[in-house]
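Trainee: Please take a close look at the side chains in this model, the cysteines and the aromatic rings above all. I would like one connected account.

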Amino acid sequence: MSKRSLRSWAPTYAMSANSDLYVHEATFHETEIEQYVTYVVQASDQYASTGSITYAAFNLVGRPNHFPNMGDFSDTFLMSRYGNWWQQMPSAIEEFGLENVPENLKPSDSYVLCCFDDKVFPLGLEVCETLSAGAIQKVWMRTAIDAETQNAVWALLWDRATDPAENIFSENSALPFTIKLRHLHKPGRILMVELNYRHLDYHAGIDSIMLKGGAKPPVYIPTNRSAPNIQMITKQQEGRNQTMHQNSSSTRIDQLPEELLYAVFQHLDLISLARAARVCNKFHRVARDSRLYFVLNLRPYWMMISWQFYQWATLRTSMCRKLNVSWNPDSDIQLTIQLMHLVQSCCRTLTHLHLSYNAAVNENLLNMVIQNCTQLQELSIDGCWAVNRLSLKNEQRTLTNLVRLNMTDNGWLDTSTLLQIVANNPNLKHLNINFCNSLVLPDLFELLGSKNRQLISLNAVKAGKLTSEALCCLATCTRLQEIDIGWTFQELNWQTEHLRSLLLACPGIRKLFLSATRDLQDNDLLTIAGTCSKLEQLSLVGCNNISAIGIQYVLEKCKNLKLLDISHCDGVENENVLAWQCIYTTVIKRIEPTQ
């Protein structure tokens, strides 16, 4: 790309209603078709491990399986989080670099990228929600190719903040969530559906998504347009000329010293900085000042990501400390190369790096990060599905200062690689390996107990198989406050003593999730109640061998308990739950099993 084109770079996406990509005339379509999802490209949040279809986004393919029936169905798409409970725990990451981002570009919690068979001119969307409705925030369509940059253009079709919905879920009548989409001049068949979970009461479940669209270009309906008011336009122009004449003697903004301009530019978002750089040479110099990019978050701008955008950022990030390049749905070799250049440009100064759900991330880029980003304290590489396998050499010990490591939803992650990274970072405090599926967790727990005794949070939902004996290894991690090991116990020799030894050694436990620990019994609940005085969140989902007696004891003894999830606990009756809700302030979640 030439210097001139870099200077004049502008994003290629359509969000404003004034965009030429949108149809502004009254139209109708001669041929309308309805089609369901045929392929789910990627989902940044699902209650499923790699390769599993239980609660996976894959279940969005095809017609609804259960709707209009409502409930928790394992063959629907289920989000892994709900409410703001996760944000209250030590593992929560406060996203950086959002201060100057416009409200309409503030990113959602997650997304699902889905594909349909036929390209259509969008008309509407029908979503069959089966549990905790209301997650959908925005709908985008990948449509035309920009003629100048040859990059795909994403167009915003619907935004919950500004656009109405025809049908909204009601408990009395299960109607699909139906919305009208903005009309486009160009067709498409790939949708990016942004989702939020923080306002939901429970996990969101979606059974299907149906796209309605025109098979052929829209037919325009003639309308009578009034002629422009020439007199009014002339008066407006005269007013502007008079204002310019009055201000001609005052100091113009381009005459300000560069340090004052820098102070102004500190409050601009990336799009505004890119536009400011095109005004004049002085603005261009100030807009490229590397001090403006100490903290750089590209996730809100995912819809305009291109290799040109990465190259534009590369020229400005030599002093970047915190970089977030998460959320990129497009995989392209040129995109990967330029992303690598971007990270390399600031690898010596980076302390925080987020690469989650970026399709351009591969094993070469990750190896480069491990070898060169020596100051990294926080690394998030969730959902990097384009990585084949990460092979580390024994002598690779450059990544040694990590405090926080997120590696959720990575099927390529093997135990030996994870153990090597963990062993090289003795100051690790937060580890998230949710949904990695095939890890040998006892080996990991043994290493954590011997090398990482400052550990505060450990999240390993559906990350592999675990034995109760392995819990004893964590007893040396006395600073632990958060443990989520749901769906990892598959043994029949569970021993309460192992859980007791861990909880006695870690009196600061605030969150304990033991979902689907089938052998958990009332004795274990008595242990929890007697040792976890600071407990705030407890999940016992699918623990069928516990009774109301044990749960009652926990509610009485754990005075700080804010959240208790006892869904799918067959030994607890609804009458018990209703009685507890009248007595205790704890939020109790109870979803009955659905056949």
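Mentor: Start with Cys384. This is a predicted model, and in it Cys384 has 0% relative accessibility, so Cys384 counts as buried. Cys436 counts as buried too, because its relative accessibility is 0%. What about disulfides? The count is zero. The cut-off is a pair of cysteine sulfur atoms within 2.5 Å.

Now the rings. The model holds 14 aromatic pairs. One of them joins Tyr82 and Trp86. Their centres are 5.3 Å apart, and the planes meet at 75°. That makes the pair edge-to-face, because the angle is over 60 degrees. Both Tyr82 and Trp86 are buried.

Tyr82 also pairs with Tyr202. Here the centres lie 4.8 Å apart, with 40° between the planes, and the pair is tilted. This contact links distant parts of the chain, 120 residues apart. Tyr82 sits in the loop between strand S5 (77–78) and strand S6 (110–131). Tyr202 sits in the loop between strand S10 (188–195) and strand S11 (205–214). Tyr82 and Tyr202 are both buried.

Elsewhere, ring pairs build a cluster from Tyr47, Tyr55, Phe435 and Trp487. Trp487 has a charged partner as well: Lys462 lies over the face of its ring, at 4.9 Å from the ring centre. Trp327 is another ring with a charge over its face. There the residue is Arg299, at 4.6 Å from the ring centre.

Key
Residues are numbered from 1 along each chain as its sequence is written. This is a predicted model: local features need pLDDT of at least 70, side-chain atom pairs count only at pLDDT 80 or more; totals for chains, interfaces and linings use all residues. Side-chain values use heavy atoms; hydrogens and water are left out. Buried means under 20% relative accessible area, exposed over 50%, partly exposed in between (1.4 Å probe, protein chains only). Rings of Phe, Tyr and Trp (its six-membered ring) pair if their centres lie within 6.5 Å; planes under 30 degrees apart count as stacked, over 60 as edge-to-face and the rest as tilted. Helices (H or I, at least four residues) and strands (E, at least two) are DSSP runs, numbered from the N terminus. A charge sits over a ring if NZ of Lys or CZ of Arg is within 6 Å of the ring centre and within 35 degrees of the ring normal.
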